[in-house]
Structures are given as structure tokens and as C-alpha cells.
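Colleague: Please take a close look at one part of this model, the aromatic residues that sit side by side in the chain. Then follow the connections outward from there as far as they are useful at the bench.

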Amino acid sequence: MYKRLWWKDARQFWPIWVFLAATGLVIQLGMDGFASPATRGATLVPMAMGLACLYAYATGAAAFAGERETGTLRLLDILPAPRAVVWAGKTSFALTTTAALALVLLAMAGLDATPHPGQFMLAPDHVAAVQLVTLIVEALALGLLCSALFSSALSAAVIAIALTGAFRFLTLRITLGTIYGPQSNPTPWDLGLTLAAFAGSWLIFLAGSTDLRPRSPRLPFALRFRSPVEVAWAGGSTQETERPRVPVAAASRGIAAGAVAPIDRRRPRSRMVELRHLTWQAIREGRPTWLFLIPMALIASIPMYSGVPVDPIILVSWNVLIALAAGVSVFGLENRHRTHRFPAHHGAKPGLVWASKLAAWSLGLAILWGPQMFAFYAPTHFSQLASNMQQMAWRGILIVPMFFAAAVLCGMAIPRGITAGVVALVIGLVLGVAEGVANAAGLLPTWGMIVLPGIFVAASWFWSGDWLLDRTGPARWGRLAGTLAGLLGIAFVGYTADRAWGIPDVGLIVPLGLSASAAPIPDELNAAPLYRAAADRAFNSFKEIEVPAIAHDDNWAGKQYTFDLGKPVGREIEKLVQRALQRPECQFVLANWLAMHNPSAIPVGLRDLGNAFATRAALRLEKGDLAGSWDDLMTDLRMARQIGRGSIVMQQINADSIERQALGVAGHWANAPGQSADRLHAAMADLRGLTEAASPLDIVRSEGLAIERALDLPVDDLRSLLLEEMSDRRRGATMAEALVVNALTTPWEIARARRLNRSITAEVARLAAIESWQRPADWRQGWLLYRRRGVSLLELFGPAYEAYLWNLDAQEAERRGLLTAMAVREWAFRHDGRFPERLLELTDEILPALPIDPYNGHPFGYLPLSTAKLMHPQEKWPERSWPEGSRLVYSIGRDGQDDHGKPQKNGYVAGDRVFPIAPVPAGKK
């Protein structure tokens, strides 16, 4: 008997076993190019256990419920074998085949990489192994328990999965609440529940002798299904009490000579009547499934209506089970009883049967999910979730239709419901999760997540004729495969075409005078090697130095981690910098964007060099050495201009930061005691005599050209360089990072990134060529970032155009504001300590024209400090830097609001960039 039971189950379950084993092999082969051996080992082990669990649910749930579905349980009861033997035979087969599948998958994982289950479970290896084995056995036990209780194998599997999650949560809460603390092992509790489930399935199955009783007659009020053709004919407008008859030929067919036969006429048909009755029949057939799905939907809805926040992952997982059970039942119920031939024999059109069944089940799911979605997205519930969980919820809702559509097609093509559910679950996990990840990465628009479900539903419609007419032979499967391949091919071609050519090409990026696109500069004319040598020496010479609180912001004052220019190493560094300043050009690299951002190409310590000279300038200023302090500041300013010449964006941002820091200290230098009009006049001449800053057009186009050169690299080189940029060099690239980079470097993504890079470069170049007050207001709200969204490959390059434009405006405001403040103080020196009443008075003696605030296109603001204090009585004013009697020159700042001298706070956008002017003693020249 055991042999016969095993052979019977083997014939039923071998497709699931082979499918899951093949799935594990395909996943493993797909991972070979994307993960290190250690990562593959830590990933393949839980994958193998997960597939084994899925098989355990399937074989356990179908052990007894599957016999009830096919009506063979009564046959087994008739055979000379007690139910205990049947239970033992089916349970032993399920245990043996589940263990065999787990061993096969683990063996494949072991051949590819050494498995490390402890890394996955965050537990010692032996504990993790026991937990994994316990999970598989628990899945089988719960599947057997539910199979003994329910008559549908698919419903039993769904409930078993739900019970596993509930029991795991329960055991976790129990173990966390014991005296052993959070490190207690939940395995004993899981084993206890598993043994209880085995015992329960045994007792319930043995007590199920009621299956031998004769079936009760149909209730008198039960509905009887009539053929849609019969219904249409009975309700037709032409009713004839007597059909006309005609004579027929005698004899050969057994009809007497002279007999008459009714005229064979085409009966009238009503599509709406057929559709209505077919829909009602679909609802009637699915009544047991609906009685199972309604409580499941209510279980998910009740907590939300009670005000308890529900994790979107749990809600989506729960609804995936509902979608699988409903999707398989759309056509699977007909397959189970082989009743789909009945509508075909009565002339029902395949498309009409398909539409009626899909409409009935879709409407039912909408009724189930409507209140649930209303409760979940209600403001009182949805607002309690974090923003990332809200985004995950939206994607999860769009993933659920993928499982339903896959289940619809699998339920139509695969006669056995549990097999169709397993295949649909695997397809949904692979494709649905891939859709969600692609949408999160910007590779797939939100509306694109409904394309794949639509393809599966469309394929079921195209195949409805083969299904309804029950055509035999391999041609029907060839038509199904060809339909799916054709629809998927059309969708893929449309997707790649949209990604590659969905953005207009504005043309090539035309370089101006870019050193990034010019020929290499000879070393004797290039300052870059000297700066690189200076930065390398400075790297090992850092220490904390106390900086006087005279810097332009509070973050820079205090202890600074820099190097001392007074030490021997510092003097060597200073000599290297002075030699570099004598060279006419500075070109760090001649290559693509990725090479330009390599630390070995452009040293990261350039800003540290500028910080060292600004620190010494502040120290000299504190001691009263105005000449020495100004020399250090001019070294900083010249170095910043030289570094930024012909560079890319991030290098120019560093150069602008060096220049702004030096200009901030220069503001304190202009207000220092012992200052004079002649020294201020000479300092302004030095500032105006600086080498012209790099053109913003050059910088922006250099960045765009470098990105385009990187996109033109061979794909393998591009992937290697991107992985090196985005991964931790100590641990190497992870599997997720490798998958992302491979997805982003497909030909259509590269083509899209190239087109968008040209478009953005042209737009940013237009914005960089004008001042801030001339640009559209929306660029300040991350407008360019929204333009890049959806092209993640370009985001990996991350051209910091917004930061560059902000730094460009801030640096220009700093330079012009300092010139204006120095001119005001020089005017006061030359007028016996009296400040000018208006800035226009400066144009008569000091300045040829008033500098313009780059944020509003007007001259800088100008008012006494006392007036600003009256307008902002709550503001804390720095008494040392801004003594009584000072005047304020101010720029309105990036926020575009005139705050009448209220200073910004440590880099915040709100407030004005203020340049205080200390009073000049009367008679001081």
C-alpha cells in the first residue's frame, strides 16, 4: 500500500518538484556574475530553504485536500487500508521529497560557494541550521493540518502560509517576553507547534470517516444552471407551439418512409443574457472560495479600522495570498471538474466565457479590497507611516495585480490548482519584485507596472479558445508560448525604444577652451603635479590647531584639523605651492568623468591646502601682522583660481570653497585695528587683478563632456569603474550593487543617459551664463534634480550642477560684497572717519561702478548697525566683530528675501549675507 501511495503522489507532485529545482538552478546561474562566493553562499542557502518550504506547503496542503478535490478519497477509503496507513504514506512521501529537494538545492549552493547560514540568520551556524530545518518541517506540518481540514488544496496552502507567519510572530513575542531576554531561542516553541500540527492532522484525518456517508440531496432552493443557449431560446421573442415538419428520405437511417422531422433552424441568441448567466455561474462555482477569501480580507481590514497601524509589507503579503487563490480559481475551478467543455458544447463563445469569469472574479476582488484600501489610505492611518513605508505601500499595491494575472494564466493552463498556485507564486515573486525594484531605481515608470499583468491577462484571452475547446496536442502549448513571447517581445521593444529615444537629442556638447578636452600640458608648465605632491605630504601632517574666532562663520573657528605651515613639512608644502603658482596652467587629468573623480587623479587634499593658508592668515591677523596675513590670503585666492581653471564641477566647487574661506578672513582683515586707506586700496587692486575665474560655461560643458566620454567607454570597463565608485573598496561590490550597475548599463539606458546628459548640460550652461536673479525661480527647488529623476545611470555620475550654481552665486556675492565693504571703509578713512550716507558716493572716488548683488540685480544693501538692531530686536549680534557704530553692507542671499541686514546662521538659506564695516577713528588715515 505504501508503494502505491508513493507512486500515486509522485505522479501528482513531480512537476512541482522539478519546477522548483529548476528555479533554484536558474537563480543560482543568474547570480554567478553578480556576487562574490561569500555573498552567493549567504544568499543561496536561504533561497534553497525558501523553495523547499514552498514545496512543503504544496505537497502538505494537497495531501488530503487534493484527494477530496478529485473525488479519490472515497476510493482510498474503499481500499483495504486504514486511514492511519494513508496518513503515514502521504506524510512520509511529503517528508522524503521535501528533504530531497532541500538537499539538492543545498548541494547546488555548496558547489557554487560555501554556504554560511549563520550570516543570514544572525545566529551561530548550528542554531541557524536547526531554525531552517524547523521552518521547513513546520511548513509541511501546517500544510497537512490545513489539508485535513479543508477540501481545496490551494485554500489549504494559503491558510498554512498565513498560519506560519502568525505562529512565527507568536513564538517571537513569547521568547522576547521570557526571563531569558531577547537572545532566547524560539526553536523549542516552533518544534512544539510543529508536533502539535502533525498530531492535529493525524487526528482530524482519522476522524474524517464522515466522507463515506452518502451525500445529502440538493436543497430545494438550490440554483440550477441551465445552458446559456437554452436560456436565450426560452426567453426569445419567437415562441412556437408546434415546429414545422418536412418529409425525410426513408430507410438507411432507420426512419420510416414518409416520416417527418423538425426543421433545423438557428436559434436566436442574446449576448447579454449569455454573459449574465455565465457570470452568475462563475460566482456560483466560486462560492466556496469566496467564503474563504472574505474572512481573509476582513482579518486584514479590522486592525486598520481599529486604529492599529499595519505594516505595508504584511498587508501586501496577505493580499498576494488572496490574489493567488482568486486568480487560480478564475479558470481552475472549471479545470478541476472538467466542466469547461459544457459551455463549448452549447455554443458559448470562448471570449464571452473568458470575459464573464474574469469580470466576476475581478469585481469580487474589488469589493473585497475596496474597504481595505480605504482604511489603509485614510489620513488617520496612512499618516502614521514613515515616508519610505508610504512609497513601499504604493509599489506593493501595484505588485499585487502581477500575482493575480500570473495566477489567472497558470490556473487556465495547469489543471491542478496547487501546481498552478506554486508556479504563479514563483512567477509573481520574480517579475513582481523585479518591477518594484526597477520602479524604485527609476528604470520603470509607475504606470509601467501594470504592463506585465496586462500581458498575462491578454495571453489568457488569446488562449481562451484552446482552453475552452480542450484542444489536444502540442500545438495548443506552442500557441500559448508564441502568444506570451510575442506580447512580451512587443512590450520589451516598446520599453527599450521609450528608454533610448524618449528624450530628444539636442546635439553634441561643443567644448570651448576646456583643458579637459585639450591636449596634455607638459609637466614643466602644469601646476597639477606640484599640487598633488603638496597634498600627499599634507595628508600625514594634520593636527589640531586653535584658530581665532575671527572667521566668516562659526563652524570654521575653533580647533581645526590642519597642518602647521611653520613646521619643516609645512615649509616644504608652502614651497611646492609657491612653485605651482608660477606655472601658467593646471590640468589634473585628461580623461572621462570617472577618471576625473578618482582620488589618484585629483587629490582630495586641495581644500586642506587652502585651509592651512587661511588658518595662518587668521593667526597672523590676530597678532597684528596685516601684511603677512594678506599675503597668505592672496596665496589662497590665486591657488583657488588656478585649481578651478578648466576643471569639472566638483573640482570647481572645491576651488570656490577655498576662495570663499579666504574672502571671509579678508573681511576681518579689512576691519582689523591698524588698517589704513592705502592698504585697503592696494588690497582691492590685488582682488581686481586676480586671474579671471574659469568661465561657468567651460565648467558645465567640461562636466557634460567628461560624462559623455565615460558613457562611450566599453561596457565592461564602464561597469567596473562604476562599481569601484559606488561600492566600499574594503568589502567589494555587493550582489545588489552589481545587479543595479548591470541593469543601468544596458544599451538603451546608456543611450537615454547620453541624451539627457546633453539636454541637461545645455540647460545648465544657459543658467550658468546668467546671474541668479535672471534665472527661473524653480531651479532653486531642485528643478534640475527632477529633470534627472528616472535616469539612474546619470544619477550615478551625480553631476552636482545645483551645488555648483549655488557655490558660483555665493562666491560672487562674497567677492563683490567684500569689495563694496572695503571701499566703504577706505572712503571713511579718507573722510575723517565719516561713513558715506549712500553707496553711490563711492563711485566718485573709490569705485568706477557699484558692484551688483547677484541675487537681485541691484546694488548691495547698506544701513547702520543700529538700524538693523531696531528692525531685529531678538537677533544676537556679534559684539566683537560688529562694534557699535558699524555699518552693514549686505546681499539678500539665496532665499531672495531682503531681511534688512539680519545675518544668516551657519549656512542656513534664510537671512542675508552681511559684511560688517567697523567704525574708523576720526583723524585716522
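**Aromatic residues and their surroundings**

Modeller: Phe462 has a relative accessibility of 48%, so Phe462 counts as partly exposed, the class that runs from 20% to 50%. The model is a predicted one, and what follows is computed from its atoms. Trp461 falls in the partly exposed class too, because its relative accessibility is 42%.

The ring pairs come next. The model holds 12 aromatic pairs, counting rings with centres within 6.5 Å. Trp461 and Phe462 make one of them: the ring centres are 4.9 Å apart and the planes meet at 70°, which is over the 60 degrees needed, so the pair is edge-to-face. Trp463 takes part in another pair, with Trp477, at 5.4 Å from centre to centre. The planes of Trp463 and Trp477 are 35° apart, and this pair is classed as tilted.

Trp463 and Trp477 are 14 residues apart, and their contact joins distant parts of the chain. Trp463 belongs to the loop between helix 19 (451-462) and helix 20 (464-468), while Trp477 belongs to helix 21 (residues 474-501). The two partners also differ in cover. Trp463 has a relative accessible area of 1%, under the 20% limit, so Trp463 is buried. Trp477 is at 39%, so Trp477 counts as partly exposed.

Elsewhere, ring pairs tie Trp6, Phe13 and Phe93 together as a cluster. Phe13 has a charged neighbour as well: Arg416 lies over the face of its ring, 5.4 Å from the ring centre. A second arrangement of this kind involves Trp806, where the charged end of Arg894 sits over the ring at 4.3 Å from the centre.

Going back from helix 19 along the chain, Gly442 is in the loop between helix 18 and helix 19. Its relative accessibility is 16%, so Gly442 counts as buried. Ser792 is 350 residues away from Gly442 along the chain, yet the C-alpha atoms of the two are separated by 6.0 Å.

Helix 18 (417-440) leads on to the enclosed spaces. The model has 4 cavities of 30 Å³ or more. The largest cavity has a volume of about 110 Å³. It is lined by 13 residues, and those nearest its centre are Leu154, Ala157, Ile161, Gly421 and Leu425. Two or more lining residues each come from helix 2 (37-61), helix 8 (153-176), helix 13 (312-337) and helix 18. By class, this lining has 12 nonpolar residues, 1 polar residue and no charged ones.

The second largest cavity holds about 100 Å³ of space. Its lining also comes to 13 residues, with Leu154, Val328, Ser329, Leu333 and Arg336 closest to the centre. Here the elements that give two or more residues are helix 8 and helix 13. Helix 13 contributes the most, with 6 residues. Leu154 is thus listed among the central lining residues of both cavities. The chemical make-up of the second lining is 5 nonpolar, 6 polar and 2 charged residues, against the 12 nonpolar, 1 polar and no charged residues of the largest cavity.

A further buried region is strand 6 (residues 887-891), where 5 of the 5 residues are buried. Arg887, Val889 and Ser891 point one way from the strand, and Leu888 and Tyr890 point the other way. Strand 6 pairs with strand 5 (residues 861-864) in the antiparallel sense over 4 bridges, and Tyr862 stands opposite Val889. Strand 7 (residues 913-917) also runs antiparallel to strand 6, joined by 5 bridges, among them the one between Leu888 and Pro916.

The loop between strand 6 and strand 7 contains His900. His900 is not a glycine, yet its phi is positive, at about 55°. With a relative accessibility of 32%, His900 counts as partly exposed. Asp832, in the loop between helix 35 (801-829) and helix 36 (842-845), likewise has a positive phi, near 55°. Asp832 is partly exposed, with a relative accessible area of 47%.

Methods: Residues are numbered from 1 along each chain as its sequence is written. This is a predicted model: local features need pLDDT of at least 70, side-chain atom pairs count only at pLDDT 80 or more; totals for chains, interfaces and linings use all residues. Side-chain values use heavy atoms; hydrogens and water are left out. Rings of Phe, Tyr and Trp (its six-membered ring) pair if their centres lie within 6.5 Å; planes under 30 degrees apart count as stacked, over 60 as edge-to-face and the rest as tilted. Buried means under 20% relative accessible area, exposed over 50%, partly exposed in between (1.4 Å probe, protein chains only). A charge sits over a ring if NZ of Lys or CZ of Arg is within 6 Å of the ring centre and within 35 degrees of the ring normal. On a 1 Å grid over the protein atoms alone, a cavity is a set of points where a 1.4 Å probe fits but cannot get out, and a pocket is an open set with protein on both sides within 12 Å along at least five of seven lines; lining residues have an atom within 4 Å of a point. Grid points are joined across faces, edges and corners, and a volume is the space filled by probe spheres set on the points. Ala, Val, Leu, Ile, Met, Phe, Trp, Tyr, Cys and Pro count as nonpolar, Asp, Glu, Lys and Arg as charged, and the others, Gly among them, as polar. Two strands pair if DSSP finds at least two bridges between them.
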